[in-house]
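Biologist: Hi, have you got a minute to walk me through this one? I'd like to begin with the inside and work outwards.

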Amino acid sequence: MKVLLIMSCFFVSFLINAQAKVITSVNDAGDVATYELDCTIKFQSLAKGLRYNITRHEFKGPELKNSYRLLLVMDGFYSKTLNKEMTISAVLSDGTVIEAKKIIEDDGFFDGACTLKIKDPQALLKADIDKVIVHADKDVVYSISAQNKVVFKKNLENVIKAK
């Protein structure tokens, strides 16, 4: 019983420590605030070889709009493709697919970074990202572990609530 209690405390402390701090910045004009995960030391990890950052831009004014972006960075991912663009998809547990097209650089290589626009962050909190697919000359699938899903949701929630 003691071992189980110690293991559960270790797991909870790991999840708390795994979360990234949210940093805030405001542009010179003072009309756009940016809230993002602090990746100065390291990026958060979604899967082996797949790191991420979440950014929220809050635009001041009568509308008080927010825009959310998910930056995906694929470690060591350089693929020679025949296409001029590639599609990167995040597949959610409810079947929703968030995708972005990435223009291939002049040398024909994909640099491994892509930004997905998050239209409804609250819906993303309710659903899990099950996998990320890079559609290239051959599809590369990153499966997301249950532990990383929990940390991702907590980080997203912290960016949403940041003031």
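**Cavity, helix and sheet**

Modeller: Happy to. The largest cavity has a volume of about 40 Å³. Keep in mind that this is a predicted model.

Biologist: How many cavities of 30 Å³ or more does the structure hold?

Modeller: Just one.

Biologist: And which residues line the largest cavity?

Modeller: Leu124, Ala127, Asp128, Ile129, Lys149, Phe152 and Lys153. By class, that lining has four nonpolar and three charged residues, with no polar ones.

Biologist: Which helix gives the most to that lining?

Modeller: Helix α3, residues 146-161, which supplies three residues.

Biologist: Let's stay with α3, then. How far does α3 reach from its first C-alpha to its last?

Modeller: The helix has 16 residues and spans 23 Å, close to the 22 Å expected at 1.5 Å a residue.

Biologist: Which α3 residues are buried?

Modeller: Asn148, Lys149, Val151, Phe152, Asn155, Leu156, Val159 and Ile160. Lys149 and Phe152 are also among the residues lining the largest cavity.

Biologist: Nice. Switching to strands: what is the order in the open sheet?

Modeller: Four strands make up that sheet, ordered β7-β6-β9-β10, and they pair antiparallel. β7 and β10 (140-143) are at the edges with a single partner strand each, so one side of each has no neighbour in the sheet. On average, neighbouring strands here are turned by 15° against each other, direction ignored.

Biologist: How many bridges join β6 to β7?

Modeller: Seven, between β6 at residues 85-92 and β7 at residues 97-103, and the two run antiparallel. For instance, Ile88 sits opposite Ala100 in β7, and Ala90 has Ile98 in β7 as its bridge partner.

Biologist: What lies between those two strands?

Modeller: β6 and β7 form a hairpin with four residues between them. In the turn, Gly95 has a positive phi of about 95°.

Biologist: Last topic, Val132. Which strand is it in?

Modeller: Val132 belongs to β9, residues 129-135. Ile129, in the cavity lining, falls in the stretch of β9 too.

Biologist: Is Val132 buried or exposed, and why?

Modeller: Val132 counts as buried because its relative accessible area is 1%, and the cut-off for buried is under 20%.

Biologist: How far apart are the C-alpha atoms of Val132 and Ile144?

Modeller: They are separated by 7.9 Å, with the two residues twelve apart along the chain.

Biologist: Great, thanks for the tour!

Conventions: Residues are numbered from 1 along each chain as its sequence is written. This is a predicted model: local features need pLDDT of at least 70, side-chain atom pairs count only at pLDDT 80 or more; totals for chains, interfaces and linings use all residues. Side-chain values use heavy atoms; hydrogens and water are left out. Two strands pair if DSSP finds at least two bridges between them. On a 1 Å grid over the protein atoms alone, a cavity is a set of points where a 1.4 Å probe fits but cannot get out, and a pocket is an open set with protein on both sides within 12 Å along at least five of seven lines; lining residues have an atom within 4 Å of a point. Grid points are joined across faces, edges and corners, and a volume is the space filled by probe spheres set on the points. Ala, Val, Leu, Ile, Met, Phe, Trp, Tyr, Cys and Pro count as nonpolar, Asp, Glu, Lys and Arg as charged, and the others, Gly among them, as polar. Axes are lines fitted to C-alpha atoms, for helices over the stretch in contact, and angles run from 0 to 180 degrees between N-to-C directions. The expected span of a helix is 1.5 Å times one less than its number of residues. Buried means under 20% relative accessible area, exposed over 50%, partly exposed in between (1.4 Å probe, protein chains only).
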